[in-house]
Amino acid sequence: MSDWINTQIDPALEVRLRKAICTANIPTLLMVLVQLTGDKAWLSAPYMPSRARGLDDNDSGGLPEDIQGEIRMVAADAIIDWKKGKPVAIPDPSADLLTHMISVSTGEKVPENYGEIIAAELSPSVPQKNARTFSGQVPEDFKAIIIGGGVSGICAGIRLQEYAIDFTIIEKNAGFGGTWKDNKYPAAGVDTPNHLYSFSFAPNDWSRYFALRGEIIAYIEAVALDYELSKNTHFETTVVDAKFETGSKKWHVRTRGPNGQQETLIGNVILSAVGLLSVPFVPDIAGLDTFTGKTCHTAQWPSDLDLTGKKVAIVGNGASAMQVAPAIVDKVKSLTIFARSKQWAAPFPQFQQQVPEHIRFLLKEVPLYQGWYRQRLAWTFNDRLHGALQRDPEWPDKARSINATNDRHRKIFLNYIENELGDRQDLLEDLVPDYPPYGKRILLDNGWYRTVAKPHVKLVPERLKEVKGDTLVADSGKSFDADVLIMATGFKSTEILSSLDVIGSHGQHLKDAWDTDNPKAYMGTLVPDFPNMFVLLGPNTGLGHGGSIIPVVERQINYVLLLLEKMFENHSSTIEVRRNIFEDYNEKVDSAHAKMIWTHEGTTNWYRNKRGRVVAITPWRNDDFWRMTRKINAKDYIFEGDACATKSS
């Protein structure tokens with residue numbers, strides 16, 4: 001090993017680091033230790049962690065205390081040496097080594113080539129304004145219009161800014177945040193670890209393992225502020241329509257500002273950052289408008305809504321209901337929950353848990369530790385589950401489960417529900433789903449089962465059929481009184497971009513091309529006859545097998561930048577996916593979904609449209625989609641027109 005200069009560090013810093021390492025996550029420490037020392041013996045017995053149970057972080061690795069102690073002691077010395085200037089022994093592990101490392105760290109076999117995505121994400125680049133250039137020159141006055149100022153819009157703006165592309169963000173709210181700006185209901189938060197719910201280039205010092213809305217909004221706003229995106233943003237502005245003009249080969253986007261004034265913005269390309277969960281869905285319930293009390297959708301929660309001592313009813317039992325109900329149950333006089341469908345919910349050991357100060361310190365001080373901690377989470381909450389979602393055609397009890405792993409999970413979840421309900425086993429019939437686990441998005445239990453077991457809570461396993469003043473009538477005819485009615489009924493997730501009118505190159509409206517609720521796009525991003533339009537978090541990009549959508553957005557934007565670069569190389573004014581490529585891709589998506597849980601007979605979910613086709617989520621593993629977005633085949637696209645003058649390099 002090369003010589004290194006041993007510089008001193010603050011003794012207090014060393015003490016803090018050693019203290020933090022005493023309780024750090026062992027499987028993560030092992031990976032840091034391998035890279036810092038170059039000693040691969042740490043990947044073998046007796047140091048190999050066991051497989052984590054459920055979604056637990058597995059901090060001990062399931063190892064004996066003496067082995068844990070040895071790992072912590074050597075890791076502390078290695079980290080202190082690194083702080084003093086000793087170089088990392090393996091700064092750039094091979095993809096094969098990384099695959100082996102993540103397999104050891106998680107205690108399970110990870111697919112071959114998975115190390116490729118880890119290699120890229122352990123060393124993310126940090127975007128800097130005007131820091132990069134394309135191989136082809138950007139046309140003079142080239143402009144992008146981004147519709148939406150949530151996570152997708154912010155990421156798009158930052159990356160376009162990196163390549164000196166002029167852009168304007170149109171945001172309907174008074175500030176950044178998107179869906180997090182809208183959803184203010186009690187206990188609103190992420191159901192994926194927030195160390196994953198972060199931009200790769202902007203790690204955050206999270207106070208909780210699963211952050212609530214306030215901290216998420218603060219993070220999103222801070223990132224937007226750091227990159228000065230407000231200068232390029234029209235707030236309190238909605239898009240009326242967007243039309244591609246074939247003469248100029250540009251998009252004309254008509255907007256309505258805060259005072260009702262209309263303006264037309266002209267751009268070469270548009271990026272939809274509207275997302276999947278932007279338009280609230282309210283079911284057609286007879287007499288809903290006659291309700292005499294207060295009513296609201298969870299995405300439109302009034303800031304002055306006081307539920308203290310009120311008779312409250314909730315319609316729905318999905319993710320938002322599971323967050324709201326436990327948060328309000330001890331304030332209300334009574335709580336009635338109309339739960340027409342049943343949900344599987346997994347144990348949630350880190351619910352409401354704060355990240356200890358010393359672990360927050362370690363995550364900030366040792367980027368390699370944070371990187372590996374994030375990679376372990378990415379596997380646990382993303383692709384680890386992918387295999388359990390594939391149907392086994394030989395599996396005998398298809399109504400109950402779809403494969404051996406899925407059946408084992410069912411038993412675990414059922415046992416958990418029984419334990420949570422205590423002496424209220426009478427609720428099992430109304431709570432246990434009659435479909436396999438993951439047939440709907442798996443939810444994380446934050447006290448839901450204990451909530452519905454409370455004496456002043458009534459679970460109604462029926463649809464709310466009718467409203468008569470302050471009386472709510474279920475399908476069976478049973479009636480319930482309420483002062484407040486909360487619609488936890490989700491979003492029009494299959495009607496992507498339904499909030500605005502988009503008109504393509506042949507005058508076709510996007511909603512007609514997509515037949516309202518049957519959206520399709522190549523790579524979830526491009527649509528034939530809609531040149532220079534890129535849909536972020538478009539059809540079949542959501543994650544039904546868990547995980548954060550932020551990496552998906554980053555991969556899509558990387559793909560868009562590759563497409564723009566090819567446009568500039570070809571001196572083209574437009575790019576459009578070829579229809580046969582588009583059709584082939586969507587056939588592959590549908591074919592993959594046909595073999596997975598979400599198209600299981602007897603299962604309905606918000607991923608599927610009225611035809612039963614899965615339109616909201618992807619069938620691909622995260623590393624598969626990452627590879628798809630790393631390169632493009634120019635033959636898959638139609639390039640038309642000559643670009644005008646170019647910016648000087």
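The following exercises, each with a worked solution, concern a predicted model.

**Exercise 1. The second largest pocket**

Determine how much space lies in the second largest pocket, and which residues and elements line it.

Solution.
- Step 1. The second largest pocket holds about 810 Å³ of space.
- Step 2. Its lining consists of 32 residues, and those closest to the centre of the pocket are Gly54, Leu55, His409, Phe413 and Tyr438.
- Step 3. Two elements, α11 (367-381) and α12 (404-421), each give two or more residues to this lining. The largest share, eight residues, is that of α12.
- Step 4. Sorted by character, the lining of the second largest pocket has 15 nonpolar, ten polar and seven charged residues.

**Exercise 2. An aromatic pair**

Classify the ring pair formed by phenylalanine 244 and tryptophan 251, and decide whether each residue is buried or exposed.

Solution.
- Step 1. A pair of aromatic rings is described by the distance of the centres and the angle of the planes.
- Step 2. For phenylalanine 244 and tryptophan 251, the centres are 5.5 Å apart and the angle between the planes is 65°. Planes over 60 degrees apart count as edge-to-face, so this pair is edge-to-face.
- Step 3. Phenylalanine 244 has a relative accessible area of 5%, and tryptophan 251 has one of 0%. Buried means under 20%, therefore both residues are buried.
- Step 4. In the whole structure, a search finds 23 aromatic pairs. Ring pairs also join Phe199, Phe201, Trp206, Tyr219 and Tyr227 into a cluster.

**Exercise 3. A charge over a ring**

State which ring face arginine 16 lies over, and at what distance from the ring centre.

Solution.
- Step 1. The ring belongs to phenylalanine 361.
- Step 2. Arginine 16 lies over the face of that ring, 3.9 Å from its centre.

**Exercise 4. Two loop residues**

Locate glutamine 343 and asparagine 130, and list their contacts beyond neighbours within four places in sequence.

Solution.
- Step 1. Glutamine 343 is placed in the loop between β10 (334-338) and β11 (345-346). Its relative accessible area is 11%, so glutamine 343 is buried.
- Step 2. Its contacts, with those neighbours set aside, are Asn317, Gly318, Met322, Leu431, Pro433, Tyr435, Lys440, Arg441, Leu443 and Tyr449.
- Step 3. Asparagine 130 belongs to the loop between α5 (115-122) and β1 (143-147). With neighbours within four places in sequence set aside, asparagine 130 is in contact with Gln161, Glu162 and Ala164.
- Step 4. From asparagine 130 to lysine 364 there are 234 residues in sequence, and the C-alpha to C-alpha separation in space is 27 Å.

Conventions:
Residues are numbered from 1 along each chain as its sequence is written. This is a predicted model: local features need pLDDT of at least 70, side-chain atom pairs count only at pLDDT 80 or more; totals for chains, interfaces and linings use all residues. Side-chain values use heavy atoms; hydrogens and water are left out. On a 1 Å grid over the protein atoms alone, a cavity is a set of points where a 1.4 Å probe fits but cannot get out, and a pocket is an open set with protein on both sides within 12 Å along at least five of seven lines; lining residues have an atom within 4 Å of a point. Grid points are joined across faces, edges and corners, and a volume is the space filled by probe spheres set on the points. Ala, Val, Leu, Ile, Met, Phe, Trp, Tyr, Cys and Pro count as nonpolar, Asp, Glu, Lys and Arg as charged, and the others, Gly among them, as polar. Contact means heavy atoms within 4.5 Å. Rings of Phe, Tyr and Trp (its six-membered ring) pair if their centres lie within 6.5 Å; planes under 30 degrees apart count as stacked, over 60 as edge-to-face and the rest as tilted. Buried means under 20% relative accessible area, exposed over 50%, partly exposed in between (1.4 Å probe, protein chains only). A charge sits over a ring if NZ of Lys or CZ of Arg is within 6 Å of the ring centre and within 35 degrees of the ring normal.
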